[in-house]
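Thanks, everyone. Let me put the structure up, and then I'll walk you through it.

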Amino acid sequence: MKGFMIAGVSSGIGKTTVSMGLMSLFDNVSPFKVGPDYIDPGFHQFVTGNKSYNLDLFMMGEDGVKYSFYKHAKDISIVEGVMGLYDGIDHSLDNNSSAHISRLLNLPVILIVDGGGKSTSIAAQVLGYKMFDKRVNLAGVIINRVSEKMYEHYKEAIEKFTDVKCLGYVPEDKTLNLSSRHLGLLQADEIGDLKEKIHHLKSVLEKTIDKEEISKISEIADVKSIKYPFEHLKDKYKGYKIGIARDNAFSFYYNDNLELLEYLGFIIVPFSPIKDKKIPEVDMLYFGGGYPEIYSEQLSKNKSLINSIIKFYKNNGIIFGECGGFMFLTDGIKQLDGSYSQMCQIINCNIEMRNRLDISRFGYISIEKNGNIIGRGHEFHYSKIENVYKDTREYNAEKPNGKKWTCIFSNKNLKAGYPHLHFFKSIEFLKELLETMEDKK
């Protein structure tokens, strides 16, 4: 089988642009993203036509990462890294970084470096990344934002001093830039000319990237089969229906989570809280993350949909909300300009938007209940809870550094909060959520 990882020397180095470009050059690509990000996988799917899967050791564990990678591998797997190659949850080498994932999966790494403001020093930079952990297979370099003439200059230095092959370059081209939102990218379907941008990017890289050499270095060991961690739960909820909120306001879902729900036997019924007049006939509602604050006016005006959610809740229908989904289930959202949009009024608190990331509640967390860890997740939000809520608060978030806070608000049939959960390491939480469903039938 074939596969490789695109990693960077830092964030903002152009990993997503280069990854999208390389994905466009190959056929039948299986795309992956290291870490908890939802935005990049949407671009991967737009380019390849195939679902993109997250690879996150903290939230999935080694077995989960291996299963997802080998299960979904196609003709060639292209993994987009996160942050800098060695950046993870701490300063160890086994820190859930891109490098850590590359070692676990035996993936060759193509390092993205920036060509500006240096000369021979670029070789020292590449050599440092190569020598920092010799277990990492640093198989090649692509230089971003550089002219053809300067690329040849850098290539000479890198290959002379590092024994790492240069695989091409990406010229400086502002037409390839994607607008940003909340320190991330706009969603793929929000960029009207994305198809044209990808076509242009592909036409550029066909001239500047050594596709044949990349194909050669991407040969990796084949794994015939890998055990699914949840085989014992197959069809446990066969015949049950789960409504998944899917539109521009709610689009953040891990594909492995949705496939696990289907493996458990659920029939997935998508619906739009923006457009639909009522929820579908289901046993459970799942509101994922997204940008409800951007679409708060449309959501608030859809009273018939909100009323159907309230009725479902009062009839003991099971509801799960993550981040944006949680915000939608509260009393309302207060915008930066002071305007206010009423939401579902199921969770008794208001959400206040902020103009900066809530760094106090940012990053990886373990979900704790009664002293036991029952889940793993991640928080990333530009809002805060404005007033004290009255719901049961039995779940705590605990960061790797030991900091804790209440994170999920629950009663018998509803659980919702800021954390985004990956079910591979949150199966006990998922069981708790679903156990009341079993009681109903």
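M284 is buried, with a relative accessible area of 2%. Keep in mind that this is a predicted model. Where does M284 lie? In strand β13. What does M284 touch, leaving aside neighbours within four places in sequence? The list is K241, I242, G243, F312, I318, F320, L433, L434 and M437. Now take K314. M284 and K314 are 30 residues apart in sequence. In space they are 13 Å apart, C-alpha to C-alpha.

Two of those M284 contacts, I318 and F320, take us to strand β15, residues 318-322. Is β15 buried or exposed? Five of its five residues are buried, so the rest of the structure largely encloses this strand. Look at the side chains. I318, F320 and E322 point one way, while I319 and G321 point the other way. In general, side chains in a regular strand alternate between the two faces of the sheet.

Which strands pair with β15? One is β13, residues 284-287, in the parallel sense over four bridges. Here Y286 stands opposite F320. Another is β24, residues 414-417, also parallel and also joined to β15 by four bridges. On that side, E322 stands opposite G417.

Next, the open sheet. It has seven strands, in the order β3-β2-β4-β1-β5-β6-β7, with parallel pairing. The edge strands are β3, 53-55, and β7, 165-170. Each of these pairs on one side only. From one strand to the next, the twist averages 25 degrees.

Zoom in on one pair. Strand β2, residues 29-34, and strand β4, residues 76-84, run parallel over five bridges. What is the bridge partner of S30 in β4? It is S77.

Two helices lie across β2, β3 and β4. Helix α2, residues 39-48, does so at about 170 degrees to β2. Helix α3, residues 57-71, lies across those three strands too, running at about 120 degrees to β3.

Now a helix pair. The axes of α5, residues 121-132, and α6, residues 148-161, come within 8 Å. They cross at roughly 45 degrees. Angles of 35 to 65 degrees fall in the oblique range, and α5 and α6 are therefore oblique to each other. The crossing is right-handed.

Which residues meet there? From α5, I122, A123, V126 and L127. From α6, Y154, A157, I158 and F161. By class, this contact has eight nonpolar residues, no polar ones and no charged ones. As a reminder, an α-helix has 3.6 residues a turn, so residues three or four places apart point the same way.

Last, two covered helices. Helix α1 spans residues 15-25, and ten of its eleven residues are buried, so the rest of the structure largely encloses this helix. The buried ones are K15, T16, V18, S19, M20, G21, L22, M23, S24 and L25.

Helix α9, residues 255-263, is mostly covered. How many of its nine residues are buried? Seven. They are N255, D256, N257, L258, L260, L261 and Y263. Just after α9 comes G265, with a positive phi of about 110 degrees.

That's the tour. Happy to go back to any part of it.

How values were computed: Residues are numbered from 1 along each chain as its sequence is written. This is a predicted model: local features need pLDDT of at least 70, side-chain atom pairs count only at pLDDT 80 or more; totals for chains, interfaces and linings use all residues. Side-chain values use heavy atoms; hydrogens and water are left out. Two strands pair if DSSP finds at least two bridges between them. Axes are lines fitted to C-alpha atoms, for helices over the stretch in contact, and angles run from 0 to 180 degrees between N-to-C directions. Contact means heavy atoms within 4.5 Å. Angles under 35 degrees count as roughly parallel, over 145 as roughly antiparallel, 65 to 115 as roughly perpendicular and the rest as oblique. A crossing is left-handed if the near helix is turned anticlockwise from the far one by less than a right angle, and right-handed if clockwise. Ala, Val, Leu, Ile, Met, Phe, Trp, Tyr, Cys and Pro count as nonpolar, Asp, Glu, Lys and Arg as charged, and the others, Gly among them, as polar. Buried means under 20% relative accessible area, exposed over 50%, partly exposed in between (1.4 Å probe, protein chains only).
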